[in-house]
Amino acid sequence: MIFLKKVDSNDYDVVIDTKGQLLWNNASEYEKSLIIITSQEVTKYYINYLDGRNISWIVLGEEKVDLTHALEVLKEKNNVERVAIVGGPTINTGFLSSGLIDEISLLIGPGIDARQGMPTVFDNLPSNHEVIKLKLLDVRKYDNGALWIRYKL
């Protein structure tokens with residue numbers, strides 16, 4: 001693992017960018033401190049790019065980020081106790097497959113989207129994967145018709 005902490009903060013936005021492809025403004029332009037977590041496939045150019053923008057970063061995992069280790073480092077080095085994953089199906093499935101999700105929070109908006117080929121909340125689980133049973137924690141209804149549903153794994 002290689003680690004560079006640029007700032008101390010009580011609140012972080014943590015981004016998993018396995019190959020170091022996302023571009024950023026200077027860290028001072030963001031409300032929360034950024035931490036980019038990437039794999040060893042990242043180039044030195046990208047690490048220098050983050051340094052030049054005063055953005056903290058962690059490199060761990062050879063071809064992909066070791067999510068379990070990433071959370072351990074965030075806790076040890078940045079005192080991160082709780083994370084919310086706001087991601088697409090690939091990152092969601094990565095955290096789920098690593099046993100790192102204890103709650104699922106879904107916000108369902110009032111509308112119909114029938115576009116083909118759109119990703120689901122979790123993609124790429126093996127077809128023989130057992131159904132993961134969830135326990136309903138809470139349902140909130142909003143005036144605009146939206147629902148916020150929370151489940152415990």
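This report describes the sheet, the nonpolar cores, the salt bridges and a surface patch of the structure above, which is a predicted model.

**The open sheet**

Three strands, in the order S5-S7-S6, make up an open sheet in which the pairing is antiparallel. Because S5 and S6 stand at the edges and each has a single partner strand, one side of each is left without a neighbour in the sheet. On average, and with direction ignored, neighbouring strands of this sheet are turned by 15° against each other. As a general point, strands of a sheet pair through backbone hydrogen bonds, and they may do so in a parallel or an antiparallel manner. Between S6 and strand S7, which covers residues 147–152, there are six bridges, and the two strands run antiparallel. One position can be used to find this pairing in the model: Val139 has Ile149 in S7 as its bridge partner.

**Nonpolar cores**

Nonpolar side chains tend to be buried together in soluble globular proteins. In this model the largest nonpolar core contains 15 residues, and those with the most contacts inside it are Ile35, Ile37, Ile58, Leu60, Val65 and Leu74. At least two residues of this core are supplied by each of strand S3 (33–38), helix H2 (67–78) and helix H3 (89–97). Of these elements, H2 gives the largest share of the core, with four residues. Another core lies apart from it and has 13 residues, including Trp24, Tyr46, Ile55 and Val59.

**Salt bridges**

Which side chains meet in salt bridges, and at what N to O distance? The count for the model comes to six salt bridges, and three of the pairs are set out below with their distances.

| Pair | N to O distance |
|---|---|
| Lys77 and Glu76 | 3.6 Å |
| Glu103 and Arg150 | 2.7 Å |
| Asp138 and Arg140 | 3.3 Å |

The pair of Glu103 and Arg150 also concerns the sheet: Glu103 lies in strand S5 and Arg150 in strand S7, so their salt bridge ties together parts that are 47 residues apart in sequence. Glu103 is partly exposed because its relative accessible area is 26%, and Arg150, with a relative accessible area of 22%, is likewise partly exposed.

For the pair of Asp138 and Arg140, the relative accessible area of Asp138 is 24%, which means that this residue is partly exposed, while Arg140 counts as partly exposed at 41% relative accessibility. In the salt bridge of Lys77 with Glu76, Lys77 counts as partly exposed at 31% relative accessibility, whereas Glu76 is exposed, its relative accessible area being 59%. Elsewhere, a network of salt bridges links Asp11, Asp13 and Lys32.

**A nonpolar surface patch**

Ile132, Leu134 and Leu153 together make a nonpolar surface patch of about 220 Å². Leu134 is placed in the loop between strand S5 (103–108) and strand S6 (135–141), and this residue counts as partly exposed because its relative accessibility is 39%. The loop that holds Leu134 therefore runs between S5 and S6, the strands that stand at the edges of the sheet.

Definitions and conventions. Residues are numbered from 1 along each chain as its sequence is written. This is a predicted model: local features need pLDDT of at least 70, side-chain atom pairs count only at pLDDT 80 or more; totals for chains, interfaces and linings use all residues. Side-chain values use heavy atoms; hydrogens and water are left out. Patches are made of residues with over 30% relative accessible area and no salt bridge: like charges are joined within 9 Å, nonpolar side chains (Val, Leu, Ile, Met, Phe, Trp, Tyr) within 5 Å. Accessible areas come from the Shrake-Rupley method with a 1.4 Å probe; for residues, only the protein chains shown count as cover. A salt bridge is a side-chain nitrogen of Lys or Arg within 4 Å of a carboxyl oxygen of Asp or Glu. Buried means under 20% relative accessible area, exposed over 50%, partly exposed in between (1.4 Å probe, protein chains only). Two strands pair if DSSP finds at least two bridges between them. Axes are lines fitted to C-alpha atoms, for helices over the stretch in contact, and angles run from 0 to 180 degrees between N-to-C directions. A nonpolar core is a set of buried Ala, Val, Leu, Ile, Met, Phe, Trp, Tyr and Cys residues joined through side-chain atoms within 4.5 Å.
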